[in-house]
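Work through these exercises with the structure open beside you. Try each task before you read its solution.

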Amino acid sequence: MANTAHFIGRPALTLRHKLGQMSWGLVALLMMVAFVGFAMLYSAANGSLEPWASRQMVRFGVGMVLMFIVAMIDIRQLHRFAYAFFVFALLLLVAVEVMGRVGMGAQRWIDLGVFQLQPSELMKLALVLALARYFHGLGPEGIAKMKALIGPIILIGVPTALVLKQPDLGTAMLLAAGGVALCFAAGIQWRYFIGAAVACGAALPVAWQMLHDYQRQRILTYLDPSTDPLGAGYHILQSKIALGSGGMFGKGFMAGTQSHLEFLPEMQTDFIFTMLAEELGMAGALLLLLLYVLIIAYGIGVSLRATSQFGRLVALGVTVTFFLYVFINIAMVTGLVPVVGVPLPLISYGGTAMMTLMVGFGMLASVHVHRDTPVPRRPGGSLY
């Protein structure tokens with residue numbers, strides 16, 4: 001693959017060259033964050049690798065392999081197949097409506113026998129690639145025109161509506177927020193964002209009526225958790241108690257009382273940051289946040305160094321998606337936003353989210369490896 005693909009007169013990099021350009025610093029950062037996750041899953045199981053830590057290690061190992069494979073793919077191939085990947089992910093979302101597995105009141109997964117696939121996770125990456133290709137093809141002149149908004153509205157709106165229907169409010173928020181951020185980065189004019197914000201504000205009463213009862217209850221509980229301390233407010237109240245009881249240096253590894261006495265719900269998934277803060281304190285939480293900040297800074301750096309608009313937007317889109325994961329999860333467990341079921345990246349137990357993130361980092365690494373590679377506006381076409 002590396003020695004045969006040629007586009008617009010520039011030979012593809014060799015596999016050896018690509019491996020030499022690989023950012024091993026990013027690999028090290030990802031391994032450090034993942035190790036923190038393994039340790040917390042080991043603690044959540046009261047000092048056992050089963051049932052979560054060992055499976056998470058295998059998933060991370062597979063994810064690393066996927067990341068290296070994607071990182072070696074020529075960025076022009078990512079550009080070429082961006083729309084095809086988007087259509088594939090969209091068809092999977094439609095398939096969820098037809099043959100999806102129902103679990104915990106939602107229809108989000110497709111049973112493939114070996115594992116449960118959550119197509120909305122794939123859509124996060126597909127949307128980044130599709131929007132990046134769309135804006136790259138428009139060029140600076142095209143982005144300034146009002147009709148340039150039609151494409152993003154369709155690309156963001158259709159999958160977001162399908163995910164909302166599952167229902168999965170957290171993933172729908174990630175899709176919409178990530179898509180809007182990419183539109184902003186691409187150069188869409190400010191006045192359109194202001195107009196969209198006004199329209200969204202006006203539509204809030206209608207949106208409220210469309211929410212499911214449990215989603216409305218989550219929002220009401222978010223505003224005042226004490227109104228239902230043993231029901232809908234239980235999760236967030238216990239989370240705040242655990243966060244506060246950790247203090248500066250925590251109660252010690254595997255010594256968290258709120259988590260190990262099972263007061264803290266979903267401690268291996270959505271609320272794993274709370275368990276970490278209880279056991280390792282503010283110091284441990286800040287150390288984890290520092291690792292996240294370094295990964296985000298790396299992603300922004302890759303975006304700034306990419307010579308093509310497509311590469312810049314792909315790197316920025318992956319980085320924004322990762323940031324939104326971190327921000328929403330931590331804001332959720334600290335009571336700053338309603339509980340919407342967003343995992344903490346590379347830490348929370350989960351298969352599809354882990355694989356999606358690692359493939360996303362593979363796309364980021366591909367942009368870094370091919371940062372000086374020009375990308376044509378059309379596959380096989382000219383640069384201009």
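**Exercise 1. A helix pair**

At roughly what angle do the axes of helix α2 (residues 24-44) and helix α3 (residues 53-72) cross, and within what distance do they come?

Solution. Keep in mind that this is a predicted model.

Step 1. The two axes cross at roughly 165 degrees and come within 9 Å.

Step 2. Classify the angle. Angles over 145 degrees count as roughly antiparallel. Therefore α2 and α3 are roughly antiparallel to each other.

Step 3. Give the handedness. The crossing of α2 past α3 is right-handed.

Step 4. List the contact. From α2 come W24, L26, V27, L30, M31, A34, F38, L41 and Y42, and from α3 come A53, Q56, M57, F60, M64, M67 and F68.

Step 5. Sort these residues by class. The contact of α2 with α3 holds 15 nonpolar residues, one polar and no charged.

**Exercise 2. The loop between α2 and α3**

Find what is notable about the backbone at P51 and at N46.

Solution.

Step 1. Locate both residues. P51 lies in the loop between α2 and α3. N46 is found in the loop between α2 and α3 as well.

Step 2. Look at the peptide bond from E50 to P51. This bond is cis, with omega near 5 degrees.

Step 3. Look at phi of N46. The value is positive, about 60 degrees, although N46 is not a glycine.

Step 4. Decide whether N46 is buried or exposed. Its relative accessible area is 53%, so N46 is exposed. The cut-off for exposed is over 50%.

Step 5. Find another cis bond. The peptide bond from Q166 to P167 is cis, with omega near -5 degrees. P167 sits in the loop between α7 (150-165) and α8.

**Exercise 3. The span of a helix**

Check whether the ends of helix α5 (residues 82-99) are as far apart as expected, and list its buried residues.

Solution.

Step 1. Take the 18 residues of α5 at 1.5 Å a residue; the helix should span 26 Å. The expected span uses one less than the number of residues.

Step 2. Compare with the model. The end C-alpha atoms of α5 are 25 Å apart, which agrees.

Step 3. List the buried residues of α5: A82, F86, A89, L90, L92, L93, A95 and V96.

Step 4. Relate the list to helix geometry. An α-helix has 3.6 residues a turn, so residues three or four places apart point the same way.

**Exercise 4. Two partners of α14**

Describe how helix α14 (residues 309-333) packs with helix α8 (residues 169-186), then with α15.

Solution.

Step 1. Start with α8. The axes of α8 and α14 come within 9 Å and cross at roughly 140 degrees. That makes α8 oblique to α14. The crossing is right-handed.

Step 2. Name the residues that touch. α8 supplies L174, A177, G178, A181, L182, A185 and A186, while α14 supplies Q309, L313, L316, G317, V320, L324, Y325 and I328.

Step 3. Sort them. The contact of α8 with α14 has 12 nonpolar, three polar and no charged residues.

Step 4. Move to α15. The axes of α14 and α15 are 9 Å apart, at an angle of about 150 degrees. α14 passes α15 in a left-handed crossing.

Step 5. Name this contact too. G311, V314, A315, V318, T319, F322 and Y325 of α14 meet A353, L357, G360, F361, M363, L364 and V367 of α15. The classes are 11 nonpolar, three polar and no charged.

**Exercise 5. M354 and its contacts**

Which residues are in contact with M354, leaving aside neighbours within four places in sequence?

Solution.

Step 1. Place the residue. M354 lies in helix α15 (residues 352-369).

Step 2. Judge its exposure. Buried means under 20% relative accessible area. M354 has 4%, so M354 counts as buried.

Step 3. List the contacts. They are Q56, R59, F60 and L346.

Step 4. Check the separation from R59. The residues M354 and R59 are 295 places apart along the chain, and their C-alpha atoms are separated by 7.2 Å.

Step 5. Follow the contact to L346. This residue is in the loop between α14 and α15. L346 has a positive phi of about 70 degrees, although L346 is not a glycine. L346 is buried, with a relative accessible area of 3%.

Notes: Residues are numbered from 1 along each chain as its sequence is written. This is a predicted model: local features need pLDDT of at least 70, side-chain atom pairs count only at pLDDT 80 or more; totals for chains, interfaces and linings use all residues. Side-chain values use heavy atoms; hydrogens and water are left out. Helices (H or I, at least four residues) and strands (E, at least two) are DSSP runs, numbered from the N terminus. Buried means under 20% relative accessible area, exposed over 50%, partly exposed in between (1.4 Å probe, protein chains only). Axes are lines fitted to C-alpha atoms, for helices over the stretch in contact, and angles run from 0 to 180 degrees between N-to-C directions. Angles under 35 degrees count as roughly parallel, over 145 as roughly antiparallel, 65 to 115 as roughly perpendicular and the rest as oblique. A crossing is left-handed if the near helix is turned anticlockwise from the far one by less than a right angle, and right-handed if clockwise. Contact means heavy atoms within 4.5 Å. Ala, Val, Leu, Ile, Met, Phe, Trp, Tyr, Cys and Pro count as nonpolar, Asp, Glu, Lys and Arg as charged, and the others, Gly among them, as polar.
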